[in-house]
Amino acid sequence: MEKSPDAFRTISEVADDLDLPQHVLRFWETRFSQIKPMKRGGGRRYYRPQDIELIKGIRHMLYDQGYTIKGVQKLLRENGNQFLVAIGSGNLAAIEAIAQRKQAEAANAQPQPSRVPDEEMLVGEPKVKPSRRFFGFGKSDDDGPVQPDAGKLSRDNRALLQEALFDLLECKRLLDQVR
């Protein structure tokens, strides 16, 4: 006998449906505060349908798209639960609507002076002046994102370097798992 789509599911049912080990679901509960299954006597977990949809989105971003846990946490912070629920269910119209709403909010927001968080700060200075062949895509010195003799990277270049660093760290993590 099949359960109703609105019925609560146990951790074993969710794990089987999503092809995940149960311990991974328990771990994700510690990393994503948005996953809140109902707990009954004895600590037995019951997942609501919206919890399962959120987990599907998280699973897709982590396993299929190659995001890190921090990356998915950032997506949740910036776009909300509904964004990942839409991703998990494959609802492209909802994903597009959320993205457009975020763009409209960003356009309406007043720019506020911001302090660069400590985690985005660069440590030390480069020994060699950065070449703009990569970041400027071969543009002349006048056209590049780094102004000549500026002595520091632009915000765009810093973001590109940060992204490259995260990619390299994820590659290292994957290689370490294989060894």
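**Entry 1: α1 against α2**

I began with the pairing of helix α1 (residues 11-18) and helix α2 (residues 22-31) in this predicted model. Their axes come within 9 Å. I noted a crossing angle of roughly 105°. Angles of 65 to 115 degrees count as roughly perpendicular, so α1 and α2 are roughly perpendicular to each other.

Next I listed who meets whom. On the α1 side I found Ile11, Ser12, Val14 and Ala15. On the α2 side they meet Gln22, Leu25 and Arg26. I sorted this contact by class: four nonpolar residues, two polar and one charged.

**Entry 2: Leu25**

I followed Leu25 further, leaving aside its neighbours within four places in sequence. Leu25 is in contact with Ile11, Val14 and Ala15, which I had already logged in α1. Leu20, Tyr47 and Ile55 are also in contact with Leu25.

**Entry 3: the nonpolar core**

Which residues have the most contacts inside the largest nonpolar core? I found Leu25, Trp28 and Ile58. The core holds 27 residues.

I then checked which elements give two or more residues to this core. They are α1, α2, α3, α4 (69-79), α5 (81-89) and α6 (92-108). Helix α3 gives the largest share, six residues.

**Entry 4: aromatic pairs**

I looked up ring pairs and the count came to one. Trp28 and Tyr63 form it. I recorded 6.0 Å centre to centre and 65° between the planes. Planes over 60 degrees apart count as edge-to-face, so the Trp28 and Tyr63 pair is edge-to-face.

Where do the two partners sit? Trp28 is in helix α2 and Tyr63 in helix α3 (residues 49-64). They are 35 residues apart, and the pair links distant parts of the chain.

I also compared accessibility for the two partners. Trp28 has 3% relative accessibility, so I count it as buried. Tyr63 has a relative accessible area of 43% and is therefore partly exposed. Trp28 is thus on record twice: in the aromatic pair and among the residues with the most contacts inside the core.

**Entry 5: Asn79**

Last, I turned to Asn79, which lies in helix α4. Is Asn79 buried or exposed? I read 16% relative accessibility. The cut-off for buried is under 20%, so Asn79 counts as buried.

I then looked for what Asn79 touches, not counting residues up to four places away in sequence. I logged Ile98 and Lys102.

Conventions:
Residues numbered from 1 in each chain as written. Predicted model: local features only at pLDDT ≥ 70, side-chain atom pairs only at ≥ 80, totals over all residues. Heavy atoms only, no water. Axes fitted to C-alpha atoms, helices over the stretch in contact; angles between N-to-C directions. Helix = DSSP H or I, 4+ residues; strand = E, 2+ residues; numbered from the N terminus. Parallel < 35°, antiparallel > 145°, perpendicular 65-115°, else oblique. Contact = heavy atoms within 4.5 Å. Nonpolar A, V, L, I, M, F, W, Y, C, P; charged D, E, K, R; others polar. Phe/Tyr/Trp six-rings, centres within 6.5 Å; stacked < 30°, edge-to-face > 60°. Buried < 20%, exposed > 50% of the residue type's maximum accessible area, 1.4 Å probe, protein only. Core = buried A, V, L, I, M, F, W, Y, C linked by side-chain atoms within 4.5 Å.
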